[in-house]
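Trainee: I have a model on my screen and would like to learn how to read it. Can you walk me through the main features?

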Amino acid sequence: MAKKRPQTKAKRPQITDGQIPVVGAREPCPCGSGRRYKACHGRAAAHAVTELVHRPFEGLPGECDWVALRELVPAATAGLTLKDGLPEGVPSVTLATVLPMAWPALRRDDGSVLLGLQNDTSSGDISRDLADTLQRALAADPGTPVQARRAPADGPRLQDLLAPEAAFEPVVHSGFEFWVPDPENATPDVTASLERANAAAIPTVKLSGVDSAYWCETPEKNHLRWVMPYPEEQLLDALARLHAAGRSSLGEGTRLVGSFRAHGLTVPVWDLPSGVGAEDVEKPAAEFAERLAPALDTDAPLTPDERRARGGLTNRQVTLS
């Protein structure tokens with residue numbers, strides 16, 4: 001019998017420091033290991049891309065309003081301030097809930113940038129996806145939209161690009177006229193597109209007396225949806241205490257009916273009679289905020305009635321993201 005040849009291990013290539021470029025999953029890894037990219041450096045990249053970030057807007061000014069504009073508000077804009085200032089030729093950067101044709105971003109003819117928020121993202125980190133889109137929009141030619149793509153796993157996040165001290169002040173619009181600089185002189189096709197989008201938008205108003213509370217009108221009844229920054233368990237306990245005590249409403253005919261869970265935050269929802277407008281709930285909402293503060297600070301065990309109230313609120317909770 002022929003002798004088996006002794007097995008020798010090939011010398012592993014020395015991986016130098018620096019960025020490993022992204023290639024096809026089945027292609028050889030650029031590091032020179034001889035393995036496919038997906039089994040080498042692509043493994044960590046794939047994990048980073050798919051790992052879900054539960055609070056993608058945490059650390060940004062106005063986190064609650066970011067969540068509201070992402071999930072609840074049809075038409076709104078907010079100016080963004082970049083940490084390193086605006087590049088030459090870019091007069092402004094504006095966040096928008098939705099852009100025409102569901103574009104992720106748009107570089108207008110004048111060089112300004114619109115960044116769309118309510119778009120599908122390819123990874124589990126919305127902040128990283130938006131940051132990648134924003135960077136590409138800043139470098140795009142004026143008058144061109146930015147297409148979607150998978151963001152690099154080691155790319156920056158919004159928290160790395162936006163100025164942490166800048167205020168985040170959403171402006172809610174009745175329609176999508178902000179899509180075009182001069183809607184009155186828009187072409188018939190653009191006008192028709194705007195009319196369709198406006199017809200589908202639910203009338204929404206941001207309350208001025210409390211933070212991140214949004215009134216909206218539907219055919220059957222109106223609602224108040226209020227994004228709150230408190231830890232979920234603490235907030236649900238506080239809401240249960242007020243609900244059991246009959247102090248959770250916003251006035252006659254209104255009712256706390258449950259909550260949404262969105263991007264790591266809780267959004268209590270009240271049903272309002274159809275005749276109750278945004279201005280009608282300004283004062284009741286401010287009074288509710290005053291009642292909520294001591295309830296949040298209470299750490300006593302829930303009473304049986306409060307536990308039942310909490311169970312009812314939890315059973316009516318819906319996860320949006």
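Mentor: We will go from the overall fold to the cavity, the pocket and the salt bridges. Keep in mind that this is a predicted model.

Trainee: Let us start with the fold. How many helices and strands does the chain have?

Mentor: Count the secondary structure elements before anything else. Here the chain has 8 helices and 12 strands.

Trainee: What share of the residues is buried?

Mentor: Look at relative accessible area, where buried means under 20%. In this chain of 321 residues, 44% are buried.

Trainee: And the outside? What supplies the exposed surface?

Mentor: The chain exposes about 17,700 Å². Carbon and sulfur atoms account for 51% of that area.

Trainee: How do I judge contacts between parts far apart in sequence?

Mentor: Take the contacts with a separation of 6 or more, then ask what share joins residues 24 or more positions apart. In this chain that share is 61%.

Trainee: Next, the empty space. How many cavities of 30 Å³ or more are there?

Mentor: A cavity is a space where the probe fits but cannot get out. The count here is 1 cavity of 30 Å³ or more. The largest cavity has a volume of about 80 Å³.

Trainee: Which residues line the largest cavity?

Mentor: Among them are Leu60, Pro61 and Trp66, then Gly79, Leu80 and Thr81. Others in the lining include Leu162, Ala163 and Phe168. By class, the lining has 9 nonpolar residues, 2 polar ones and no charged ones. Gly counts as polar in this scheme.

Trainee: What about the largest pocket? What is its volume?

Mentor: A pocket is an open set, unlike a cavity. The largest pocket has a volume of about 280 Å³. Its lining holds 14 residues. Nearest the centre of the pocket lie Pro100, Trp103, Leu106, Trp179 and Val180.

Trainee: Which element gives the largest share of that lining?

Mentor: Helix α5, residues 188–200, gives 4 residues. By class, the pocket lining divides into 9 nonpolar, 2 polar and 3 charged residues.

Trainee: Now the charges. How many salt bridges are there?

Mentor: The cut-off is a side-chain nitrogen of Lys or Arg within 4 Å of a carboxyl oxygen of Asp or Glu. By that rule there are 13 salt bridges.

Trainee: Show me one that links distant parts of the chain.

Mentor: Take Asp237 and Arg310, whose side chains meet at 2.5 Å, N to O. Asp237 sits in helix α6 (residues 232–244) and Arg310 in helix α8 (residues 304–315), so the pair spans 73 residues. Asp237 is partly exposed, at 24% relative accessibility. Arg310 is buried, at 16%.

Trainee: And one inside a single helix?

Mentor: Asp305 and Arg308 both lie in helix α8. They are 3 residues apart, about one turn of the helix. Their salt bridge is 2.1 Å, N to O. Why does Arg308 count as exposed? Because its relative accessibility is 57%, and exposed means over 50%. Asp305, at 46%, counts as partly exposed.

Trainee: Is Arg70 buried or exposed?

Mentor: Arg70 is buried, with a relative accessible area of 14%. Its salt bridge partner is Glu71, at 3.8 Å, N to O. Glu71 is partly exposed, at 27%.

Trainee: Which residues are linked in a network of salt bridges?

Mentor: Arg55, Glu58 and Glu63 are linked in this way. Find them on the model and trace the links.

Key
Residues are numbered from 1 along each chain as its sequence is written. This is a predicted model: local features need pLDDT of at least 70, side-chain atom pairs count only at pLDDT 80 or more; totals for chains, interfaces and linings use all residues. Side-chain values use heavy atoms; hydrogens and water are left out. Helices (H or I, at least four residues) and strands (E, at least two) are DSSP runs, numbered from the N terminus. Buried means under 20% relative accessible area, exposed over 50%, partly exposed in between (1.4 Å probe, protein chains only). Contact means heavy atoms within 4.5 Å. Accessible areas come from the Shrake-Rupley method with a 1.4 Å probe; for residues, only the protein chains shown count as cover. On a 1 Å grid over the protein atoms alone, a cavity is a set of points where a 1.4 Å probe fits but cannot get out, and a pocket is an open set with protein on both sides within 12 Å along at least five of seven lines; lining residues have an atom within 4 Å of a point. Grid points are joined across faces, edges and corners, and a volume is the space filled by probe spheres set on the points.
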